[in-house]
Amino acid sequence: MPEQTPAPTPARSLYGFFMYVFSNTMLVIYLIWAFIPDHYLHYLNIYYYPVKYWSIAVPIQCLVALTLFVFLIYPSLTMILTLNIDSQNTIRDPFSHYSNKTIKNNYKIDNFCTCVDEKKCLKSNYTSIPKDYNENTVPELHDLNISYVCKKIYVIKEDNFKD
């Protein structure tokens, strides 16, 4: 069984081309039906087609259905799938990553160079000190402990209550 990948394959390219041609053909047929007067279609011996009313009604009904989905159904599904406010999983789940230590960045510069011309490479001229690494690097991403967040947000400062 082949590996599932989103990369283009010959079969997908054929499906894509067919869908492109089919959708453009359907658009042209729709526009001809919607805008060409009936007597021109009768002149071409085309008599069996829907009433012109449906050329406006169907797109409007599709837009109404889309609007209902976006503003009613989708938010309702989201509310149904949301956990209760007192659930422990709203704070911590199996994918939480907490860090209790200060992250030390001990990065080393490799001798590997990606320059096209090594004679023009300036990597050997670059020098830095470990202080630069600690100040100019982004720490590892982690979740904050809820007690730490509450202490930072809801801390009561005694200075606020002095007269």
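**Helix packing, aromatic pairs and confidence in a predicted model**

Visitor: Helices H1 and H3 are oblique to each other. At what angle do their axes cross?

Guide: In this predicted model, helix H1 covers residues 10-35 and helix H3 covers residues 53-81. Their axes come within 8 Å of each other. Oblique applies to angles that are neither under 35 nor over 145 degrees and that fall outside 65 to 115. The crossing of H1 and H3 therefore counts as oblique, with an angle of roughly 130°.

Visitor: Which class of residue is absent from the contact of H1 with H3?

Guide: On the H1 side, the contact is made by Tyr30, Trp33 and Ala34. H3 contributes Trp54, Ser55 and Pro59. Sorted by class, the contact has 5 nonpolar residues and 1 polar residue. The class with no member there is charged.

Visitor: What kind of aromatic pair do Tyr30 and Trp33 form?

Guide: Tyr30 and Trp33 are 3 residues apart in helix H1, and so about one helical turn separates them. Their ring centres lie 5.9 Å apart, with 65° between the planes. Because planes over 60 degrees apart fall into this category, the pair is edge-to-face.

Visitor: Is Trp33 buried or exposed?

Guide: Tyr30, its partner in the aromatic pair, has 30% relative accessibility and counts as partly exposed. For Trp33 the relative accessible area is 15%. The limit for burial is under 20%, and therefore Trp33 is buried.

Visitor: How many aromatic pairs does a search of the whole structure find?

Guide: One of the pairs is Tyr30 with Trp33. Another is Phe69 with Tyr74, a tilted pair with 6.0 Å between centres and 45° between planes; Phe69 counts as partly exposed, at 40% relative accessibility. The search of the whole structure gives a total of 4.

Visitor: Which residue has a positive phi although it is not a glycine?

Guide: The residue is found in the loop between helix H2 (38-43) and H3. Its relative accessible area of 60% makes it exposed. Its phi is about 60°, and the residue is Asn45.

Visitor: What percentage of the residues in the chain is buried?

Guide: The chain has 5 helices and 0 strands, which follow the pattern α-α-α-α-α along the sequence. Among contacts between residues at least 6 apart in sequence, 42% join residues at least 24 apart. Of the 163 residues in the chain, the buried share is 5%.

Visitor: Where is the pLDDT below 50?

Guide: The chain has a mean pLDDT of 79, and 72% of its residues reach 70 or more. Among its elements, H3 has the highest mean, 94, and helix H4 (residues 130-135) the lowest, 61. Where pLDDT is low, the predicted coordinates should not be read in detail. Such caution concerns a stretch that has 7 contacts beyond near neighbours in sequence, with pLDDT below 50 over residues 102-107.

Terms used
Residues numbered from 1 in each chain as written. Predicted model: local features only at pLDDT ≥ 70, side-chain atom pairs only at ≥ 80, totals over all residues. Heavy atoms only, no water. Axes fitted to C-alpha atoms, helices over the stretch in contact; angles between N-to-C directions. Helix = DSSP H or I, 4+ residues; strand = E, 2+ residues; numbered from the N terminus. Contact = heavy atoms within 4.5 Å. Nonpolar A, V, L, I, M, F, W, Y, C, P; charged D, E, K, R; others polar. Phe/Tyr/Trp six-rings, centres within 6.5 Å; stacked < 30°, edge-to-face > 60°. Buried < 20%, exposed > 50% of the residue type's maximum accessible area, 1.4 Å probe, protein only. pLDDT = per-residue confidence, 0-100.
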